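Reader: Please take me through the core of this one, closely. Then show me the charged pairs that go with the picture.

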Amino acid sequence: MDDANEGDRDGSASAPLPFRAAVDALRATRLRPQIEVEPTPAPKRLAPFAYALEATVVDDEQDLADGRLVLLHDPAGHDAWRGTFRLVTLVRAELEPEMAADPLLPDVCWSWLTGALQARGLTYGEASGTVTRASSHYFGGLAERPANSQIEIRASWTPREGLGGVPDAGAHLASWCDLLAQVAGLPPAGPGDASVVTLPQRRGPQSR
């Protein structure tokens, strides 16, 4: 997703009906107010049709996490996807160094992704991805800066297609935003989510 170029961003009339319907569902999804979502240029070479969104989790004018979600569509199908649609994501957030050192953190973060999908009753297949921890330490003229740690989740999965070959793209977007909220350390969105474990808010989130 780093090589993002202008693709079929707007689900125009030249795109197949299932793709246009999925894009319309993404646009119509209502999300919690702390998550700001907007379209972004989509990659061209991954599939004949693609639509991308980027999101930032904002609380009290501070950026806590960010990410990108790309909807891919190949009407001819794709052997590796086992379907005609694929969702690809990148999620990033800063961490306290102590939490970044937790050996269970990658497993927990991956379980948040699968758990977010399952919590909304979504069926999916061929999930794959990586969870990466990175730390930066500063020296010399930069020695006054505190150490910085970041978690990064890259993943993709095939959503189950419903009537007319259209996946429930809106529900997948909502699940992805649930993941973003967890990584950002936001409190649960509702009473039914009280058992959700989130990362504590990171030291020194970026001001907008």
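Author: The chain comes first, then the core, one helix and the salt bridges.

This is a predicted model, so local features need pLDDT of at least 70 and side-chain atom pairs count only at pLDDT 80 or more, while totals for chains, interfaces and linings use all residues. Residues are numbered from 1 along each chain as its sequence is written, and side-chain values use heavy atoms, with hydrogens and water left out.

The protein chain has four helices and seven strands. Helices (H or I, at least four residues) and strands (E, at least two) are DSSP runs, numbered from the N terminus. In order from the N terminus, the elements read α-β-β-β-β-α-α-β-β-α-β. The chain has 208 residues, and 41% of them are buried. Buried means under 20% relative accessible area, exposed means over 50%, and partly exposed lies in between (1.4 Å probe, protein chains only).

Now the core. A nonpolar core is a set of buried Ala, Val, Leu, Ile, Met, Phe, Trp, Tyr and Cys residues joined through side-chain atoms within 4.5 Å. The largest one holds 41 residues. Phe19, Val57, Leu71, Trp176, Leu179 and Val183 touch the most other members. Two or more residues come from each of α1 (17-28), β2 (49-59), β3 (62-78), β4 (83-95), α3 (105-119), β6 (148-159) and α4 (169-184). Helix α4 gives the most, with 10 residues.

Take Val57 as a viewpoint. Set aside its neighbours within four places in sequence. Val57 then contacts (heavy atoms within 4.5 Å) Gln34, Ile35, Gln62, Asp63, Leu64, Ala65, Leu180, Ala184 and Leu186. There is also a second, separate core of eight residues, with Ala47, Ala52, Val70 and Trp81 among them.

Helix α3 deserves a stop. Its buried residues are Leu105, Pro106, Cys109, Trp112, Leu113, Thr114, Ala116 and Leu117. The expected span of a helix is 1.5 Å times one less than its number of residues. For the 15 residues of α3 that gives 21 Å, and the end C-alpha atoms are 20 Å apart, which agrees. Gly121 follows α3, with a positive phi near 70°.

Next, the charged pairs. A salt bridge is a side-chain nitrogen of Lys or Arg within 4 Å of a carboxyl oxygen of Asp or Glu. The count by this rule is five. One of them joins Arg92 and Asp66, with the closest N and O atoms 2.9 Å apart. Arg92 sits in β4 and Asp66 in β3, so this pair ties together parts 26 residues apart in sequence. Arg92 is partly exposed, at 31% relative accessible area. Asp66 is partly exposed too, at 26%.

Another pairs Arg120 with Asp178, at 2.8 Å from N to O. This pair links distant parts of the chain: Arg120 is in the loop between α3 and β5, Asp178 in helix α4, 58 residues apart. Helix α4 is also the element that gives the most residues to the largest core. Arg120 is partly exposed at 43%, and Asp178 is partly exposed at 26%.

Arg82 bridges to Glu126, with the closest N and O atoms 3.3 Å apart. Arg82 lies in the loop between β3 and β4, Glu126 in strand β5 (residues 124-136), and 44 residues separate them. Arg82 is exposed, at 66% relative accessibility, whereas Glu126 is partly exposed, at 37%.
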